[in-house]
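Let's take a walk through this structure together, one region at a time. Have the sequence and the 3D view ready.

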Amino acid sequence: MAEDLELKKSRIRELITGRRYADLRATLTEMPPPDLSDLLLDMERSERLLLFRFLPRELATEVFSHMDAPAKDVLLESLTDSEARRLLATLSPDDRTHFLEEVPGLAIQRLLNLLSHNDFREAMQLLGYPEESVGRLMTPDYVAVRPDWTIEQALTHIRKKGIESETINIIYVTDRSWKLLDALELKKLILAAPTGTVESLMDYSFTALPADADREAAVQVIARYDLVALPVVDSQGVLLGIVTVDDVLDVAEQEATEDFHRTAAVEPLRGSYRESGVWLLVRKRIGWLLFLIVINLVASGIIAAHEEILAAAIALAFFMPLLSAAGGNVGAQSATIVIRAQATGDIKLGQWLITVAKELRVGVFLGMMMAAVAWFVGLIYGGPQVALVVALSMLCNVLFINVLAAVMPFVLTRLGLDPAAASGPLITSMADPISLLVYFSMAAFLLHLHT
């Protein structure tokens, strides 16, 4: 892929140098928009602007949509007002809103002033919704018909308005107040008798989301009901716009990326890694790392407070890493399973008690099996008394940390935080002081009984 890109860059530079602009335009129009976007990002700034101006209007709009936010900013700064106005006007409303969200404050006023009155009002309406809401994701480009229209009237309207719509696979039925009544597949209208009414096809069964719903809800609903488009309504049921499956795929990718970052104790990157500077990457990671150091210092303090126990039975030191690692691994597994089940909608917030009860039983079985292995190892390296301490500590650690890791995602969700932060380094670091505290308490109790 990289070699193909280099060959295309060389070919395009030859065409520019030779002023073979007709061949240049033909070469560019043959490339898929995502490949063109990558190509422009790898060209020099002056070459990027020249190539962009050679693209047909529709292709230029599509290529612009595929670019990262910093590249869009640089390109728009290079365009004249008329060129920028034309580009913004041809963007779909949802793509335009997504772009305006990322524009620096000093530049956004210039861009908004370039929009037509209708586009400006549309952008302001979309930007007024919460940052990660369905309202920011939706587009008002859809086709709606009335229930009292004949099928022939509806199809005529679809032919007229369909070219401006994001999709015509689903046709929405609204009353004169634009309240959503139904969502019909286009196939039903095409196959129906022309003289019949739209209402004769309706069953008043549809799925919609409010505009202030979280965009992750759109991902779950579209996946659950296998939809190509999801209507968005206000509190009165008025149809505001639609969210299409291609927008949802982008959101799903972004949310999955954020979860991956948080499970590694990294604040999510808003842009791409390639466009992120070193200092930004440091800032996204250092906060969590410093917080985890504090937790690790607690573990060190627990060891220091139990020096006498270690001095009395030095063999106990051998098993400290074993217990800490086992607790961290079990906790990371439990948290990851619960977090993913929450993300996919498999378990709800109200099902926390059922989930914890299940993980309690799982912890018992895991703890017993891991305790048996720990007892055998303890018997070899420390004798019967140490083996008993290690085995019971392993059982208690696994049981307690497994339940704690299952509870934490629900607690974070209730507090309005991302539950993904409960996995990975956080639960592993928390497992260290817990494991050591249980271990030393068990050792003090059991060894005291046998002295």
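Keep in mind that what you see is a predicted model. A good place to begin is Ile151, which belongs to helix H12, spanning residues 151-161. With a relative accessible area of 0%, Ile151 counts as buried, because the cut-off for that label is under 20%. What does Ile151 touch, leaving aside residues up to four places away in sequence? Its contacts are Leu189, Ala192, Ala193, Pro194, Gly196, Thr197, Val198 and Leu201. Pro194 deserves a second look: it sits 43 residues from Ile151 along the chain, yet the C-alpha atoms of the two are separated by 4.8 Å.

Now let's turn to a sheet. Three strands make up an open sheet with mixed pairing, in the order E4-E5-E6. At its edges are strand E4 (209-210) and strand E6 (239-244), each of which pairs on one side only. Strands of a sheet pair through backbone hydrogen bonds, either parallel or antiparallel. For E4 and strand E5 (residues 229-233), the sense is parallel, over two bridges. If you pick out Pro210, you will find its bridge partner in E5 to be Val233.

Our last stop is a pair of helices. Two packed helices are described by the angle between their axes and the distance between the axes. For helix H5 (residues 57-66) and helix H7 (residues 81-90), the axes come within 9 Å and cross at roughly 75 degrees. H5 is therefore roughly perpendicular to H7. On the H5 side, Arg57, Ala60, Thr61 and Phe64 meet Arg86, Leu87 and Thr90 of H7. Sorted by character, the residues of this contact are three nonpolar, two polar and two charged.

How values were computed:
Residues numbered from 1 in each chain as written. Predicted model: local features only at pLDDT ≥ 70, side-chain atom pairs only at ≥ 80, totals over all residues. Heavy atoms only, no water. Helix = DSSP H or I, 4+ residues; strand = E, 2+ residues; numbered from the N terminus. Buried < 20%, exposed > 50% of the residue type's maximum accessible area, 1.4 Å probe, protein only. Contact = heavy atoms within 4.5 Å. Pairing = 2+ DSSP bridges. Axes fitted to C-alpha atoms, helices over the stretch in contact; angles between N-to-C directions. Parallel < 35°, antiparallel > 145°, perpendicular 65-115°, else oblique. Nonpolar A, V, L, I, M, F, W, Y, C, P; charged D, E, K, R; others polar.
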